[in-house]
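Q: I would like a close look at one part of this model. Please pick a single region and talk me through the pieces around it and the side chains there, in one connected answer.

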Amino acid sequence: MATICLTREFEFEMAHALEGYDGLCRHIHGHSYKLFVTVSGTPIDDPQNPKYGMVMDFGELKAIVNRLVVERYDHALVLRRTEQHCALLEHVREKWERVYLVDYQPTCEQMIARWAPMIAAELPEGVRLVEVKLYETAKSHATWRAQDNPL
């Protein structure tokens with residue numbers, strides 16, 4: 001049976017700032033992100049299985065990515081963990097709870113490099129993560145590919 005790829009699209013709003021960056025992105029700003037997650041596998045070949053003919057239920061993929069990425073980061077502010085940001089966070093968290101400090105620069109590239117292994121680990125047996133693509137704007141995106149990144 002043929003190997004088939006499935007892709008599910010997700011959307012969320014998130015703000016970030018790039019600490020130490022030499023342009024406007026050093027300031028807090030937001031994006032309407034589009035995330036595309038592609039998996040592959042062989043369709044289930046058991047007519048008795050309720051998922052017969054599917055590589056994976058799109059609803060299951062949606063649940064995994066929503067839990068790991070969208071529900072956490074939608075309408076959040078993400079900053080790189082620095083001494084200055086830690087002090088700022090103490091005051092900000094009194095009013096807003098969806099502010100996260102991360103141990104990396106929160107760029108498209110760095111975010112998908114961390115999300116991909118988390119998503120891959122949650123996939124059902126026989127289904128593998130092929131690609132994660134994150135659009136920061138309509139014209140700018142980063143792509144993680146399994147062929148270039150052994151898990």
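A: Happy to. One term is needed from the start: two parts count as being in contact when heavy atoms lie within 4.5 Å. Please also keep in mind that this is a predicted model. Let us take the sheet as our region.

The sheet is open and is formed by 6 strands, in the order S4-S3-S1-S2-S5-S6, with mixed pairing. Its edges are strand S4 (99-102) and strand S6 (140-145), each of which pairs on one side only. On average, neighbouring strands here are turned by 30 degrees against each other, if direction is ignored. At the S6 edge, strand S5 (residues 128-137) runs antiparallel to S6, and 6 bridges join the two. For a landmark there, find Leu134, whose bridge partner in S6 is Ala142.

Now add the helices. Helix H1 (residues 58-73) lies across S4, strand S3 (76-80), strand S1 (4-16) and strand S2 (29-41), and runs at about 20 degrees to S1. Helix H3 (residues 108-122) lies across S1, S2, S5 and S6, running at about 150 degrees to S5.

A good residue to zoom in on is His16, which is placed in strand S1. Is His16 buried or exposed? The computed relative accessibility of His16 is 1%, and the cut-off for buried is under 20%, so His16 counts as buried. What does His16 touch, apart from neighbours within four places in sequence? The contacts of His16 include three other histidines, His27, His29 and His31, along with Ile28 and Tyr33. Leu77, Val78, Pro106 and Glu136 complete the set of contacts for His16. One of these partners deserves a second look: the side chain of His16 reaches the backbone oxygen of Pro106 at 2.6 Å.

Next come the charged side chains. The whole structure holds 7 salt bridges. Among them is the pair of Glu11 and Lys34, with 3.3 Å between the closest N and O atoms. This pair links distant parts of the chain, since Glu11 sits in strand S1 and Lys34 in strand S2, 23 residues apart. Glu11 counts as exposed, at 51% relative accessibility, while Lys34 is partly exposed, at 34%. Glu9 belongs here too: Glu9, Glu11 and Lys34 are linked in a network of salt bridges.

Another salt bridge joins the side chains of Arg81 and Asp103, at 2.8 Å from N to O. Here too, distant parts of the chain are linked: Arg81 is in the loop between S3 and helix H2 (83-92), Asp103 is in the loop between S4 and H3, and the two are 22 residues apart. Arg81 is partly exposed at 41% relative accessibility, and Asp103 is exposed at 64%.

A further pair is Lys133 with Glu131, whose side chains meet in a salt bridge at 4.0 Å, N to O. Which side of the burial cut-off does each partner fall on? Buried means under 20%, so Glu131, at 18%, counts as buried. Lys133, at 22%, is partly exposed.

If you rotate the model yourself, a handy route is to begin with His16 in strand S1, then move to the salt bridge between Glu11 and Lys34, and finish where Leu134 pairs with Ala142 in S6.

Key: Residues are numbered from 1 along each chain as its sequence is written. This is a predicted model: local features need pLDDT of at least 70, side-chain atom pairs count only at pLDDT 80 or more; totals for chains, interfaces and linings use all residues. Side-chain values use heavy atoms; hydrogens and water are left out. Two strands pair if DSSP finds at least two bridges between them. Helices (H or I, at least four residues) and strands (E, at least two) are DSSP runs, numbered from the N terminus. Axes are lines fitted to C-alpha atoms, for helices over the stretch in contact, and angles run from 0 to 180 degrees between N-to-C directions. Buried means under 20% relative accessible area, exposed over 50%, partly exposed in between (1.4 Å probe, protein chains only). A polar contact is a pair of N or O atoms within 3.5 Å; within protein, one must be able to donate a hydrogen and the other to accept it, and residues adjacent in sequence count only if both atoms are side-chain atoms.
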